2 protein chains.
Amino acid sequence: MMEKHNIGVLGGGSWATALVKLISGNNVNVNWWIRNRETVEYIKKYNHNPRYLSAVEIRTDRVFPSSQIKEVVEQSDWIILAIPAAFIKQALSALTPEDLRDKYIFSAVKGIIPETNEIPADYLHHTFGVPFEKIGIITGPCHAEEVALEKLSYLTIASSEAYSSKIMADWLACRYLKTIISTDIIGTEYAAVLKNIYALASGICNGLGYGDNFQAVLISAAIREMNEFVSCVCEFSNNINDSAYTGDLLVTAYSQFSRNRTFGNMIGRGYSVKSAQIEMNMIAEGYYAVKCIHEINKKYQASTPIIDAVYNILYERISPVIEIKLLSDKLQ
Amino acid sequence: MMEKHNIGVLGGGSWATALVKLISGNNVNVNWWIRNRETVEYIKKYNHNPRYLSAVEIRTDRVFPSSQIKEVVEQSDWIILAIPAAFIKQALSALTPEDLRDKYIFSAVKGIIPETNEIPADYLHHTFGVPFEKIGIITGPCHAEEVALEKLSYLTIASSEAYSSKIMADWLACRYLKTIISTDIIGTEYAAVLKNIYALASGICNGLGYGDNFQAVLISAAIREMNEFVSCVCEFSNNINDSAYTGDLLVTAYSQFSRNRTFGNMIGRGYSVKSAQIEMNMIAEGYYAVKCIHEINKKYQASTPIIDAVYNILYERISPVIEIKLLSDKLQ
């Protein structure tokens, strides 16, 4: 048996709940930070997260929910960050670099910190001084809903040194979850961000009435664009068609569970950003991501017609009809 | 205006009907060979194909249906072959090399001639002595049903010399159809065959209850496998993520219109091959293709675990449950 560790999971959403299910299923203790106190009490009493993946039974003999983030971090030597990127800065504001010293921190975030335009790995390094060797990534293709249903899924676990990714992979793997080890923490994290933008684009086109033929051209072009962008921002030597990149894009762009696709769909059908967000009652991370990536790309100047189109629609208020028509002339 | 040509389209199915719609829409005359005499008479009388894409109006001022293949070929200087691969040998049996001399022949087939295990380009070359410079390919991603609906679609037109592909592209392009020129006639044609097998695999997994997460891993792996196979059988220097390869795979594997996916779905749910074929009343080309590719790959020995799994299920009668379980251990 492996050495006994305490894992802290930060975040109370679907993905955090799925990760808690996986890790606790492997007989590992989980300290689980959830902001909302009532949710913490509910889980302790009823063994279910009332708001997300509520069918999943939480094994409270091994899972210890708490609304005190400092306490959870203190009691854990490994931390998994599963908070929407837009809320990370605020959520971690109670913590100091000292609190995170010597801990392994894995990001399962799939977004960019809007205040600093950084992927979580860079944010943790620059703001909390976490060395890159202690930072890891947990990435899909993986909808939380299918983990809840115990449908066979694959996660890619990336870290710059094999030790920590191997351990994290062992904690996550089970009968219905296979793990893949990678050393690419920057490329996987950018890909996880970009795919939300492409899923949003895919939804917009669907909402406008474009069909499956066009969708296939759009997604093929998105894979090439993702390759171009990731190659610009880091030393990328992996195959863009590996499941952490192309697979993650496909599951998000083609799946019924994708919030980003649903959000895009509403924009394509003529909803305003505000009314789409109210209607969905969920954050479409691609909405924030496209603004951040747009900013970041001012430096790298990668050719990104699809990202540009989504940005123009959401932030420059260009009509989706016009913008996608222009995009369609550039695609092939 | 371009020089006046006569185009012969051979085949009476959905794809042939969509191509006839496109070409005749560009004010080009089409001699249309359809085996079934009653269908020919019906089209002449009612301006619609009674069996496929029956909503499409056939402009009989420019489209001349006939059940006499020799006559159609004789009167046409360009031929488009749009017959299911399994019936090509029989359909062309009335023709001699002399009949096809000096004609440009474009294959829109997406299958392998089962009797000889050749892609149509090789078959036309070896059996009718058609030089490769006179052979072209018309390939997707493009479901005929969406051409009928005039949904924006993209076709790749490949020929070894730019002259003929450019002309063919002009005849096909219109408001809702964009064309891409390529010189890769072998790779595009193999990709068009392989994608049917992968769509079949995708359907089998869906029928077995695997979810979207697994599907994304499967299709990412299929793209890599397609790249491996195509690189083994020809000098392949294109990007496998171009729409003629990856796009064609995506539209087939993810679309509701895909016969191969539907067929696979039934196999996954426990139907026998025979009962699935009777139920569908349509040919799933992937069923024949996997046998041919399996034969062809004996020579090239490309690593093709997905193709092997489909072959084992359909021809070695291995249980889909077991075979896909074994496959899932190889994927990543």
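**Close-up views of a predicted two-chain model**

**View 1. Chain B is superposed on chain A by a 180° rotation.** In this predicted model, the shift along the rotation axis is 0.0 Å, and the two chains match with an RMSD of 0.0 Å. This relation is therefore that of a two-fold axis. To find the axis in chain B, look for B:Tyr254: its C-alpha is the one nearest the axis, at 3.8 Å from it. Both copies use the same surface, since 100% of the contact residues of chain B recur in chain A.

**View 2. An open sheet of eight strands in chain A.** Follow the strands across the sheet and you will meet them in the order 3-2-1-4-5-6-7-8, with mixed pairing. The edges are strand 3 (63-66) and strand 8 (177-182) of chain A, each of which pairs on one side only. On average, neighbouring strands of this sheet are turned by 20° against each other, with direction ignored.

**View 3. Strands 1 and 2 of chain A run parallel.** Here strand 1 (residues 6-10) pairs with strand 2 (residues 29-33) of chain A over five bridges. A handy landmark is A:Gly8, which stands opposite A:Asn31 in strand 2 of chain A.

**View 4. Helix 9 of chain A packs on the sheet.** This helix spans residues 185-208 of chain A and touches strand 5 (104-107), strand 6 (135-139), strand 7 (153-159) and strand 8 of chain A. The direction of helix 9 makes about 40° with that of strand 6 of chain A. Strand 8 of chain A, touched by this helix, is also one of the edge strands from View 2.

Notes:
Residues numbered from 1 in each chain as written. Chains lettered and ligands numbered in written order. Predicted model: local features only at pLDDT ≥ 70, side-chain atom pairs only at ≥ 80, totals over all residues. Heavy atoms only, no water. Least-squares fit on C-alpha atoms with pLDDT ≥ 70 in both. Contact = heavy atoms within 4.5 Å. Pairing = 2+ DSSP bridges. Helix = DSSP H or I, 4+ residues; strand = E, 2+ residues; numbered from the N terminus. Axes fitted to C-alpha atoms, helices over the stretch in contact; angles between N-to-C directions.
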